[in-house]
Amino acid sequence: MEPTNTANPAYFHKVVDCQWACPAHTPVPEYIRLIGQGRYSDAYMINWVSNVFPGVLGRTCDRPCEPACRRGRVEENNAEKPEPVAICRLKRVAADMKDDVKARMPSISPNNGKRIVCVGAGPASLTVARDLAPLGYEVTVFDGEAKAGGFIRSQIPRFRLPESVVDEETGYILDLGVKFKSGQRVDSMRALLEQGYDAVFVGSGAPRGRDLDVPGRKEAAANIHIGIDWLASVSFGHITSVKERVIVLGGGNTAMDCCRSARRMGGKEVKVIVRSGFEEMKASPWEKEDAQHEGIPILNFHVPKTFEHDNGKLTGMTFEIVRAVYDAKGKRTLVPTGEPDVLVPCDEVLVAVGQENAFPWIERDCGIEFDKWGLPVLGEGTFQSTLHNVFFGGDAAYGPKNIITAVAHGHEAAVSIDRLLTGEDVSRRPVPMTNLMSQKMGIHEWIYRNAVSNDVRFKVPWTKAETALANIKIEVELGFDAATAFKEASRCLNCDVQTVFNRATCIECDACVDICPMDCITFTGNGDESELRTRLKAPSTNPTQDLYVSDELKTGRVMVKDEDMCLHCGLCAERCPTGAWDMQKFLLNTTQAGARCRDAHFPVAHDSAAEAV
Amino acid sequence: MTYIAKPKMHHPTLQTNKVGYTRRDYEGRISTLCAGCGHDSISAAVIQACWELDIEPHRVAKLSGIGCSSKTTDYFLGASHGFNTVHGRMPSVLTGANLANRELLYLGVSGDGDSASIGLGQFANAMRRGVRMAYIVENNGVYGLTKGQFSATADRGAKNKKGAINNDNPIDLVGIALQLGATYVARSFSGDKAQLIPLIKGAMSHGGAAVIDVISPCVTFNNHGGSTKSYDYIRQHNEAVSRIDFISPSSEITTEYAPGAVVDVPQHDGSILRLRKLHADYDPTDRDAAMSYMHARAARGEVVTGLLYLDPLATDLHTSLNTCEQPLNTMGAQLLCPGSEALNKINDALR
Ligand SMILES: Cc1cc2nc3c(=O)[nH]c(=O)nc-3n(C[C@H](O)[C@H](O)[C@H](O)COP(=O)(O)OP(=O)(O)OC[C@H]3O[C@@H](n4cnc5c(N)ncnc54)[C@H](O)[C@@H]3O)c2cc1C
Ligand SMILES: Cc1ncc(C[n+]2csc(CCOP(=O)(O)OP(=O)(O)O)c2C)c(N)n1
Ligand code: SF4
Ligand code: SF4
Ligand code: SF4
Ligand SMILES: [Mg+2]
């Protein structure tokens, strides 16, 4: 193998599994350490800069970082049930325990004469507004609803996300001098364009819930609701009760929010019924667990056939029973088992079988192209539409995803807008800002706490079930207390504190090989990656994790470190007589809109490295 | 010296051996030696060897003298029996322990100062008596623990860290062991575990006195340009005469070699040491030939490593003294101390 190029920011970034997996690339271990030190406001601000809604996300994030977290891997065969660090819930600790952070909010530069408009006040638009308003742009945000937040406010039920948190975090952004035009839907893109804004950002989400067209749908319509419309009505207080027997159709997170809401609004027998198998359901595992925990059964492999009614009064639904059959390519089809259809009696049905994009307000001849799925055609990574000053982000860009993805899109779109309006090429992207700093303080002292905790993941305390089910506004999860947060934070392995190898000073004494608790390090002859992986001290079981390979050493061998299981404990560096190993903290912040994203700040030779990130 | 405890976590694929332990179970306390000390590598090799041999840790007694090398018994086999003797006296304490209980596996760990300077007489007598043990000398040419004075194995002409030259002739422990009748004699290098681990396994399965002289650089006091026991010097002058594969009694022999390229030597416990010759003219079963070969090579400045001599039919001190098989600690006070009447009888018989 070629020696590893650690100057490429992507290399060490990838070692920080959580940050790499996070769409917004939040520097997770950096803020987890601060939580461990009780510096909640500092931890909050790191999050705020990167993901804009720490309090919201600390309760609701889809948390792609957690399945990626190294802790889950290293606990394999070391703990009863291997689990990642509770990254998301630690974020909430920072949000809940911080002091007043208003004074830390960015100051606003003098107006630069450029006007931006955002359609929709969801997380994508609000991110664009937050990034651009402090730079002196005049940002106007339209939303058809009375308050800002988009689906964060209208869809996510209050028992998962108290409204006060939404108020606080949307407030920080609106307070940056953003002009919020509430209760004003934009009905025509053409008309909007005529108002002469310098750039338009479309963050209107994916607002249309799919319907289920089977016999009886029209006749029984009074007691059948589209899930996301129903949730919004619940959120805004237009709907306050449901009948006793409720069927929720669908297996995604919307279905989980529907059934748990129904349970709190008078539903006694609430069931989730889904076409697929339990395992293939789209909902996150924890959402399914939470629903089941509240006594809601999930019936799988049931395909809806009819709505049964008595003169328009819904009485139940019939389902065909299927099973999953996989072809040689692993493609699934659902085939009827031949068992008789099942009738499930009910009084009300919530249809949560998916969401779609819809842009009825964008005239198709105003220069914005859409693809065959009805989604805008966008420049990769720039979010620029075929009309050069119109950008899309969030669910409006690539269909329904989640909050953190909407935020990540918002940041990139803001960079695009900033570059466009300062006369620079939108397709050239800024490199991330990185910093590598030795953690050595003394012969045996390190700046970071490198003892590895043996604790298993701590559970977040819950409100008692009877209390929680009695009122839809009572938050179910309570958040860690400070002592538990400290212990959970200590489970983080500090994957950003990198093991950095210096070939020139290595004397090949084997000290690091002998001490490494995870057998990460091998000195051996070089070879192709796949072949080299067969000759490591511990079997290489995860080819998605890189090998760190040195140049040839004095004996003709190379140093190979399998990054997969490294605990970042620092023992290799501690035991190295010559300091050939050092523990260096790698901090990566994505470059946001502003002076740093402009050409003048581009490192001349590192363009290719930037592309690799 | 390291202050962080070694994490308990291990690689998820870490295997258990036939007696149900992982390699990590054979570790001891975290080493307090200087970072990069060759002795730590030897400890790692001992750990690996004992794991591979499926030894139950409580069946091992590890004994040592004084020195950085002798401290290492604390850093491996934390669940075994141990004894740190006074300086240079490990062989006699081990001999006593062995006579009292022949059921344990004896591992003697010592340094060049401990064995060639203050303890030379002890070393020599253990060899000549054939005390059954694996005797590992961690040889760095200096007294590491007392800050790097030349030891008795330092080569003539070698320089210390400050540049002073050693004018005394070196003691060659391998030569002495060969001469005094040790039945398993090897030399190795802490930086070559592929060679060292099978040698330790062979020694621990050997039926008599087994000695391995392991060159083990002292990074702090003897790893500089003028040293003949530095990492660089040994790597440049190491001349391996053979590679051995240790084949346990139950394992199947699968690899085939061209005739003449290998010698299979069965040991008393059924294990086989397979020697792959790297020097065609070297015969490790001929004591005299081995000695003269070594001298010739040493004169050319080569450090000959590998299994240098092996008598597979070794006997030990118990055989020559015709002692009882049963460990003394299982006999009961009555048998061990039959009382003054029995003593009188013996005394009478001698009058
Ligand atoms: C029930 C449910 C639960 C969810 N739970 C989670 C969760 O727990 N975690 C998570 O990460 N994600 C969750 N999501 C997904 C998440 O809410 C969305 O992915 C995210 O809010 C998308 O953000 P956005 O900024 O693209 O648009 P949205 O949040 O959808 O906001 C769009 C806004 O634009 C407004 N708008 C639309 N058209 C116009 C127009 N023409 N003029 C003016 N305003 C307009 C809308 O009123 C809306 O306020 C959930 C979604 C649903 C449906
Ligand atoms: C009776 C006695 N004499 C002298 C000493 C001082 N002393 C301690 S260690 C040592 C030398 C150890 O050298 P070596 O066996 O080579 O071990 P190393 O530290 O080099 O591994 C000496 C002389 C002592 N502890 N006891
Ligand atoms: S252990 Fe910590 S730094 Fe490593 S992936 Fe998990 S949360 Fe991130
Ligand atoms: S930090 Fe070093 S010693 Fe610790 S697990 Fe990683 S490679 Fe091994
Ligand atoms: S002084 Fe030398 S022998 Fe002793 S621990 Fe340090 S390096 Fe090893
Ligand atoms: Mg010594």
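Tutor: Let's start with a ground rule: helices (H or I, at least four residues) and strands (E, at least two) are runs given by DSSP, numbered from the N terminus. Keep in mind too that this model is predicted.

Student: OK. Where is A:I447 found, then?

Tutor: A:I447 sits in the loop of chain A between strand 19 (445-446) and helix 18 (465-470).

Student: Why is A:I447 called partly exposed?

Tutor: Buried is under 20% relative accessible area and exposed is over 50%, with partly exposed in between. A:I447 has a relative accessible area of 46%, so it falls in the middle class.

Student: What does A:I447 form on the surface with A:M437 and A:M441?

Tutor: A nonpolar patch: together A:M437, A:M441 and A:I447 have about 310 Å² of accessible area. Patch members need over 30% relative accessible area, and A:I447 has 46%, so it clears that bar.

Student: Let's go to the sheet in chain A. In what order do its five strands come?

Tutor: The order is 3-2-1-4-16, in an open sheet with parallel pairing.

Student: What makes strand 3 and strand 16 of chain A the edges?

Tutor: Count the partners! Strand 3 (179-181) and strand 16 (390-392) of chain A have a single partner strand each, so one side of each has no neighbour in the sheet. From one strand to the next, the twist averages 20 degrees.

Student: How do you know that strand 1 and strand 2 of chain A pair?

Tutor: The test asks for at least two bridges between the strands. Strand 1 (residues 115-119) and strand 2 (residues 138-142) of chain A run parallel and are joined by five bridges, so they pass. For example, A:I116 has A:V139 in strand 2 of chain A as its bridge partner.

Student: Which helices pack on this sheet?

Tutor: Helix 9 (residues 123-132) of chain A is one of them, touching strand 1, strand 2 and strand 4 (199-202) of chain A. Its direction makes about 160 degrees with that of strand 1 of chain A. Helix 17 (residues 403-421) of chain A also packs on the sheet, touching strand 1, strand 4 and strand 16 of chain A. The direction of helix 17 makes about 170 degrees with that of strand 4 of chain A.

Student: Why does A:T140 count as buried?

Tutor: A:T140, which is in strand 2 of chain A, has a relative accessibility of 2%. The cut-off is under 20%, so A:T140 is buried. Leaving aside neighbours within four places in sequence, its contacts include A:I116, A:V117 and A:Y197.

Student: How do you know that A:E30 forms a salt bridge with A:R33?

Tutor: The rule is a side-chain nitrogen of Lys or Arg within 4 Å of a carboxyl oxygen of Asp or Glu. For A:E30 and A:R33, the closest N and O atoms are 2.8 Å apart, so the rule is met. Both residues lie in helix 3 (residues 28-36) of chain A, three residues apart, about one turn of the helix.

Student: Are A:E30 and A:R535 buried or partly exposed?

Tutor: A:E30, at 15% relative accessibility, is buried. A:R535 has a relative accessible area of 29%, so it is partly exposed. A:R535 forms a salt bridge with A:E531, with the closest N and O atoms 2.8 Å apart. A:E531 is partly exposed as well, at 36%.

Student: How many salt bridges are there over all chains?

Tutor: A search of the whole structure finds 68.

Student: On to chain B. Why is B:C37 called buried?

Tutor: B:C37 has 10% relative accessibility, under the 20% cut-off, so it counts as buried. You'll find B:C37 in the segment before helix 1 (38-52) of chain B. B:C37 and B:T220 are 183 residues apart in sequence but 7.8 Å apart in space, C-alpha to C-alpha.

Student: What makes strand 10 and strand 12 of chain B a pair?

Tutor: Strand 10 (residues 242-247) and strand 12 (residues 272-277) of chain B share six bridges in the antiparallel sense. At least two are needed, so they pair. B:R243, for instance, has B:R276 in strand 12 of chain B as its bridge partner. Strand 11 (residues 262-266) of chain B also runs antiparallel to strand 12 of chain B, over five bridges.

Terms used:
Residues numbered from 1 in each chain as written. Chains lettered and ligands numbered in written order. Predicted model: local features only at pLDDT ≥ 70, side-chain atom pairs only at ≥ 80, totals over all residues. Heavy atoms only, no water. Patch = residues over 30% accessible without salt bridge, like charges linked within 9 Å, V, L, I, M, F, W, Y side chains within 5 Å. Areas by Shrake-Rupley, 256 points an atom, 1.4 Å probe, with all protein chains shown as cover. Buried < 20%, exposed > 50% of the residue type's maximum accessible area, 1.4 Å probe, protein only. Axes fitted to C-alpha atoms, helices over the stretch in contact; angles between N-to-C directions. Contact = heavy atoms within 4.5 Å.
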